[in-house]
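Hi everyone, thanks for coming. Please pull up the structure on your screens, and let's walk through it together.

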Amino acid sequence: MVGMFSKAADFGVDHPAATLACSAFAAGFSFMAYYHFSGPSIRSDEGTKTRNFFSLSKGLGGLKRKEVTHEWKDYDKTFTQSEGRGISDKDHTKDAVNTFYNLVTDIYEWGWGQSFHFSPSLKGKGVAPAEVAHETRVADILGLKPGLKALDVGCGVGGPLRTIAAHSGAHVTGVTINEYQVQRCAMMCEKLGIENVDIQQGNFLKLVPQFEEESFDAAYAIEATCHSPTLEEVYSEVYRLLKPGGKFVSYEWVSTDLYDPNREEHVSCIDAINYANALPEMRTWRQTTEAARKVGFKVIEERDLAISPAGEWWSRLKVGKLQYKLNHLVISVLAKMMVLPKSMVDVHHMLVSVANSLVEGGERGIFSPMYMVVLQKP
Ligand SMILES: C[S@@+](CC[C@H](N)C(=O)[O-])C[C@H]1O[C@@H](n2cnc3c(N)ncnc32)[C@H](O)[C@@H]1O
């Protein structure tokens, strides 16, 4: 079945005339499929609409249509990786990560939802409760409550930020490098009437003086510090902002002890994950606490939340395969018709292709996107 859609996608790209003829049907069918299959992936309880084909046609992530191709080329050049070496130009990381989120933010929202992270699946439950459980765990570990101030390091469009602010009653400041995400996040908070939040554009590699030293009771980062050129850089900035005794929880992307740098299939799997997720390199799980101790943190707890009996975090990628193929077919067709920017096909292809590497990394147990570290400033 999946092979059939793959062939259809190739056909759509190679035969523009036939493409035009079937586009109306494909678009209509895919719209139905999208709304039908993706229901649980969108936090419908938030009451906000996510992106759709119409909004994507204007450009991506605040980029105008013309800018998409240029930005895509820049991204592709920076993050293409081989032999497990990571990227060579680490100084350029921050800007290239910003470019990445200009390109993918709308597509993530469209195909995944407003929480840009994985969660261990919960038996018999849908995506939303699994995401909420993964997010509220952070608030509970930090002991967040009304009167406390927390920092969300790399807040995306704020799926976790809204859950945590609503769940805990604490004041949460979200910071993200990407201006477009700030707009999306602020708009959704406002629409939902969540007032105990503040969203700012900023670089987590340089949080002072934008924020005052020792001004936060707690901080957390959900699948965000993986974008830092080194963990020391982002951890030391968070350390400066925390009050003495303040805790920091981070969900890190790491390779596990099962990863073998001498096995070609392991290395190419991790290279593919790095490339399609704007990661300058993949850290080992040991590097997380090493970096934390180096900058002065005390390690309270470290745990791979992906390890059994946790439900598979990658199952959602498997279930979504058919939907991604359908989306890709429609994007290819609409790009041919010049309704969507051309490079969107490349961006979407990158995101769809990496799903296989992520599933492989999860099934082989060589990679985890949820190595949890709980750190405290003495
Ligand atoms: C995978 S997303 C996770 C977003 C959010 N934590 C969530 O779970 O929905 C990673 C986030 O890190 C942010 N980020 C990456 N590099 C950054 C930097 N140097 N400064 C601030 N934010 C950054 C990105 O803009 C993006 O919002």
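Let's begin in the middle. In this predicted model, the largest nonpolar core has 103 residues. Which residues have the most contacts inside it? They are Ala150, Val153, Ala219, Tyr220 and Val238. Helix α5 gives the most to this core, with 9 residues. You may remember the general rule here: in soluble globular proteins, nonpolar side chains tend to be buried together.

Try clicking on Val238. Leaving out residues up to four places away in sequence, Val238 touches Val153, Ala219 and Phe248. Two of the names from before, Val153 and Ala219, turn up in that list.

Now zoom out a little. The protein chain contains 14 helices and 10 strands. It has 378 residues, and 49% of them count as buried. If we take the contacts with a separation of 6 or more, residues 24 or more positions apart account for 81% of them.

How confident is the predictor? The mean pLDDT of the protein chain is 86, and 84% of its residues reach 70 or more. One stretch to watch is residues 1-48, where pLDDT stays under 50. For that stretch the model has 60 contacts beyond four places in sequence.

Next, the ligand. There are 23 residues around it, and Phe116, His117, Gly154, Gly156 and Ala224 come nearest. The elements that give two or more residues to this shell are α5 (93-111), α7 (159-168) and β4 (171-176). Which of the elements gives the most? That is α5, with 3 residues. So here is a helix to keep in mind: α5 gives the most to the core and also the most to the shell around the ligand. Sorted by class, the shell has 11 nonpolar, 10 polar and 2 charged residues.

Now let's look at one helix on its own, α11, which covers residues 285-294. Its residues Thr288, Ala291 and Ala292 are buried. Why do we say that they line one face of the helix? Look down the axis of α11: the buried residues fall within an arc of 100 degrees, so they sit along one face. Turn to the face pointing away from that buried side, and you find the exposed residues Arg286 and Lys294. The cover over the buried residues of α11 includes helix α9 (231-241). Strands β7 (242-255), β8 (283-284), β9 (298-304) and β10 (367-376) are also part of that cover. After α11 comes Gly296, with a positive phi near 115 degrees.

Let's visit two buried residues. The first stop is Trp72, in helix α4 (residues 65-79). Trp72 has 24 C-beta neighbours inside 10 Å, and the cut-off for buried is 20 or more, so Trp72 counts as buried. Not counting residues up to four places away in sequence, Trp72 touches Leu103, Ser343, Asp346 and Val347. Take Val347: it is 275 residues from Trp72 along the chain, yet their C-alpha atoms are separated by 7.4 Å.

The next stop is Leu144, in the loop between α6 (127-142) and β3 (149-153). Leu144 has 25 C-beta neighbours inside 10 Å, which means that this loop residue counts as buried. Among the residues that Leu144 touches are Ala139, Ala150, Ile164 and Ala218. Ala150, you may recall, is one of those with the most contacts inside the core.

To finish, a few backbone details. Two peptide bonds to look up are cis: Val208 to Pro209, with omega near 10 degrees, and Ser308 to Pro309, with omega near 15 degrees. Pro209 is in the loop between β5 (197-201) and β6 (216-222), while Pro309 is in the loop between β9 and α12 (315-319).

Then we have Glu83 and Ala278. Glu83 has a positive phi of about 55 degrees although it is not a glycine, and Ala278, also not a glycine, has a positive phi of about 60 degrees. Glu83 is in the loop between α4 and α5, and Ala278 is in the loop between α10 (264-276) and β8. Are they buried or exposed? Glu83 counts as exposed, because it has 10 C-beta neighbours inside 10 Å. Ala278 has 21, so Ala278 counts as buried.

That's my tour. Thanks for listening!

Terms used: Residues are numbered from 1 along each chain as its sequence is written. This is a predicted model: local features need pLDDT of at least 70, side-chain atom pairs count only at pLDDT 80 or more; totals for chains, interfaces and linings use all residues. A residue is near a molecule or strand if its C-beta atom, placed from the backbone, lies within 6 Å of it. Helices (H or I, at least four residues) and strands (E, at least two) are DSSP runs, numbered from the N terminus. Ala, Val, Leu, Ile, Met, Phe, Trp, Tyr, Cys and Pro count as nonpolar, Asp, Glu, Lys and Arg as charged, and the others, Gly among them, as polar. A nonpolar core is a set of buried Ala, Val, Leu, Ile, Met, Phe, Trp, Tyr and Cys residues joined through C-beta atoms within 7 Å. A residue is buried if 20 or more other C-beta atoms lie within 10 Å of its own, exposed if 12 or fewer, and partly exposed in between; C-beta atoms are placed from the backbone. Two residues are in contact if their C-beta atoms, placed from the backbone, lie within 7 Å. The arc is that of the directions from the helix axis to the C-beta atoms. pLDDT is the predictor's confidence in each residue, from 0 to 100.
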